[in-house]
Amino acid sequence: MNKYVAIPVPNSNQYRACTIGPCGDFHILSCRDFDTWTEADQVARDLATGKYPNIAPSGEYVNMR
C-alpha cells in the first residue's frame, strides 16, 4: 500500500507531495512544488483517497507535520 506525505523541499521554502518507500525513502509524485505546506498536504490527502488515479493508486495518508 502506498503511503502519501507532504514534506519540505530541501534548501527551499517550498513543499511537495511524495510517497514513503519501504526503507523510509521519499519518492516525489508531484510535478510541481507548492508554496505552502497546506497545499502539498491537501494533494497528499487527495492522492491517498484516490482522487488522482492517473498519477498514483489510493493508499494511506501519513501526517508529517
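Okay, let's start at Phe34. Leaving aside its neighbours within four places in sequence, Phe34 is in contact with Gln14, Tyr15, Arg16, Glu39, Ala40 and Val43. Keep in mind that what you're looking at is a predicted model. On confidence, the protein chain averages a pLDDT of 89, and 97% of the residues score at least 70. If you go element by element, strand 3 has the lowest mean pLDDT, at 81, while strand 4 has the highest, at 95.

Back to Phe34, and what it belongs to. Phe34 is one of 11 residues in the largest nonpolar core. The others are Tyr4, Ala6, Ala17, Trp37, Ala40, Val43, Ala44, Leu47, Ala48 and Ala56. Strand 1, residues 2-8, and helix 1 each supply at least two residues of this core. Which element gives the largest share of this core? That's helix 1, with six residues. And if you like a bit of background, nonpolar side chains tend to be buried together in soluble globular proteins.

Now, helix 1 isn't just about the core. Take Asp41, which is found in helix 1, residues 37-49. Is Asp41 buried or exposed? Its relative accessible area is 6%, so Asp41 is buried. Not counting residues up to four places away in sequence, Asp41 touches Ala6 and Tyr61. You've met Ala6 already, as a member of that core.

There's another aspartate to look at, Asp46, also found in helix 1. Asp46 counts as buried because its relative accessibility is 12%, and the cut-off for buried is under 20%. Once you leave aside its neighbours within four places in sequence, Asp46 is in contact with Lys51 and Tyr52.

Right, on to the sheet. Four strands form an open sheet, and the order is 3-2-1-4, with mixed pairing. Which strands stand at the edges? Those are strand 3, residues 26-28, and strand 4, residues 59-61. Each of them has a single partner strand, so one side of each is left without a neighbour in the sheet. On average, neighbouring strands of this sheet are turned by 40 degrees against each other, direction ignored.

Let's see where that mixed pairing comes from. Strand 1 and strand 2, residues 15-20, pair in the antiparallel sense over five bridges. Within that pair, Ile7 has Arg16 in strand 2 as its bridge partner. Ala6 stands opposite Ala17 in strand 2, and both of those alanines are in the core we talked about. On the other side, strand 1 and strand 4 run parallel, joined by three bridges. There, Asn2 has Gly59 in strand 4 as its bridge partner.

Now look at the loop between strand 1 and strand 2, which is the place of Asn11. The hairpin of these two strands has six residues between the strands. What is the phi of Asn11? It's near 55 degrees, a positive value in a residue other than glycine. Asn11 also counts as exposed, because its relative accessibility is 86%.

Last stop, the cysteines. How many disulfides does the structure hold? Zero. A disulfide is a covalent bond between the sulfur atoms of two cysteines. Cys23 is in no disulfide, and the nearest cysteine sulfur, that of Cys18, is 16 Å away. To count as a disulfide here, the two sulfur atoms would have to be within 2.5 Å.

The two cysteines also sit in contrasting surroundings. Cys18 is buried, with a relative accessible area of 1%, whereas Cys23 counts as exposed at 75% relative accessibility. You'll find Cys23 in the loop between strand 2 and strand 3. If you want to find Cys23 relative to helix 1, try Arg45 as a marker: the two are 22 residues apart in sequence and 21 Å apart in space, C-alpha to C-alpha.

So that's the tour. If you want one place to begin on your own, pick Ala6 and follow it outward: Ala6 is in the core, stands opposite Ala17, and is touched by Asp41.

How values were computed. Residues are numbered from 1 along each chain as its sequence is written. This is a predicted model: local features need pLDDT of at least 70, side-chain atom pairs count only at pLDDT 80 or more; totals for chains, interfaces and linings use all residues. Side-chain values use heavy atoms; hydrogens and water are left out. Buried means under 20% relative accessible area, exposed over 50%, partly exposed in between (1.4 Å probe, protein chains only). Contact means heavy atoms within 4.5 Å. A nonpolar core is a set of buried Ala, Val, Leu, Ile, Met, Phe, Trp, Tyr and Cys residues joined through side-chain atoms within 4.5 Å. Two strands pair if DSSP finds at least two bridges between them. Axes are lines fitted to C-alpha atoms, for helices over the stretch in contact, and angles run from 0 to 180 degrees between N-to-C directions. pLDDT is the predictor's confidence in each residue, from 0 to 100.
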